[in-house]
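Visitor: I'd like a close look at one part of this model, a pocket and the elements around it. Please walk me through what lines it and how its surroundings pack.

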Amino acid sequence: MTADPLPSWRETSAKQSIVEFVAAVTRPDSPDFVPEPDRIAVFDNDGTLWTEQPVYAQLVFALDRAAELGHPTSLEELHAGGMPALMELLKLTHAGVTTDEFTALSRSWMASARHPRFGRPYSALVYQPMLELLGLLDRSGFSCWIFSGGGTDFMRTWASDVYGLPPHRVIGSVGETEFRVGPDGPELVKGDTVQVINDGPQKPSSIHRHVGQRPIVAAGNTDGDLAMLQWSAGSPGRSLQLVVHHTDRDREYAYDNDPILGAGTEGVLAAAADQKWTVIDMAADWSAVHPPAV
């Protein structure tokens, strides 16, 4: 008997749609067969691959670092100040260090920080069913990518260990860097200007820039991912669009707006209903949410 490739998925229509799609596009005698070079899958990160509530992990990192730098900032102050206050926080905590120094800071924080509700490292709060999906797609000849609004440099410090993806397949928002020759040799210093905020309609542009092909699989969870899902759905052949709907307040959270930027789900859920995309109901479709504690 063949082992179940998605053991943390209940036997519902969501799992069935994934399994049927992968079989259809990978079987050579299928009318929907897609050659391996064209099997591209793209994923949002926050809220799609790991827990984003009650605050984005990267924002918690920034708040902790601001306190260490002698500039404590509260979430209430950020909410009151809006996007300008968030940009000032990022300048304070992400700029003026080399990329190597930032990598070390991020890795140290990820190793020590704990989620306020679950008491576990943030890296342990990835979604077990989505890890299984990434594994299934990888074994089936897909090239999997992350396209997130989170910072590229922050995500790349841990994504390889957590998701098994090489750094060049992790694309997020990008700040400027300056090349210098320092006392220890050539280095890149992070600047205080955000060049690209990788959200909304920017995501398809980023996919085009970095991949050069339209994906046939896309997964997201809010309206900030809608354009990416629409871009994938425009593929000339068979494609698969997945919308992770947070409905499980007991094992994770139930909500329809992301924690800081406020992106909702009304648009993406309406598009899913209209276009027959697959909506993943976390409470109904997943038998487990996070990996078991070690």
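Guide: Happily; here is the pocket, then the helix and the loop beside it.

This is a predicted model, in which local features need pLDDT of at least 70 and side-chain atom pairs count only at pLDDT 80 or more, while totals for chains, interfaces and linings use all residues. Residues are numbered from 1 along each chain as its sequence is written, and side-chain values use heavy atoms, leaving out hydrogens and water.

The part to look at is the second largest pocket, which holds about 200 Å³ of space (an open set of 1 Å grid points over the protein atoms alone where a 1.4 Å probe fits, with protein on both sides within 12 Å along at least five of seven lines; lining residues have an atom within 4 Å of a point). Its lining takes in Ser17, Glu20 and Phe21, then Ala233, then the run Arg238, Ser239, Leu240 and Gln241, and lastly Gln275, Lys276, Trp277 and Thr278. By class, four of these lining residues are nonpolar, five polar and three charged.

Two elements, helix H1 (13–26) and strand E6 (240–245), each give at least two residues to this lining (DSSP runs, at least four residues for a helix and two for a strand). The largest share, three residues, comes from H1.

H1 deserves a closer look. At 1.5 Å a residue, its 14 residues should span 20 Å (1.5 Å times one less than the number of residues), and the C-alpha atoms at its ends are 20 Å apart, so the two agree. The buried residues of H1 are Ala14, Lys15, Ser17, Ile18, Phe21, Val22, Ala24 and Val25 (buried is under 20% relative accessible area, exposed over 50%, with a 1.4 Å probe and protein chains only). Ser17 and Phe21 therefore appear both in this buried set and in the pocket lining. What do the buried residues of H1 pack against? Their partners are helix H5 (128–139), strand E5 (217–220), E6, E7 and helix H11 (282–285), with contact taken as heavy atoms within 4.5 Å. E6 thus meets you twice: as a packing partner of H1 and as a contributor to the lining.

Finally, turn to Lys276, another lining residue. Lys276 sits in the loop between helix H10 (266–275) and strand E7 (278–281). Its phi is near 60°, a positive value in a residue other than glycine. Most residues other than glycine have a negative phi. Lys276 is exposed, with a relative accessible area of 69%.

Note on methods:
Grid points are joined across faces, edges and corners, and a volume is the space filled by probe spheres set on the points. Ala, Val, Leu, Ile, Met, Phe, Trp, Tyr, Cys and Pro count as nonpolar, Asp, Glu, Lys and Arg as charged, and the others, Gly among them, as polar.
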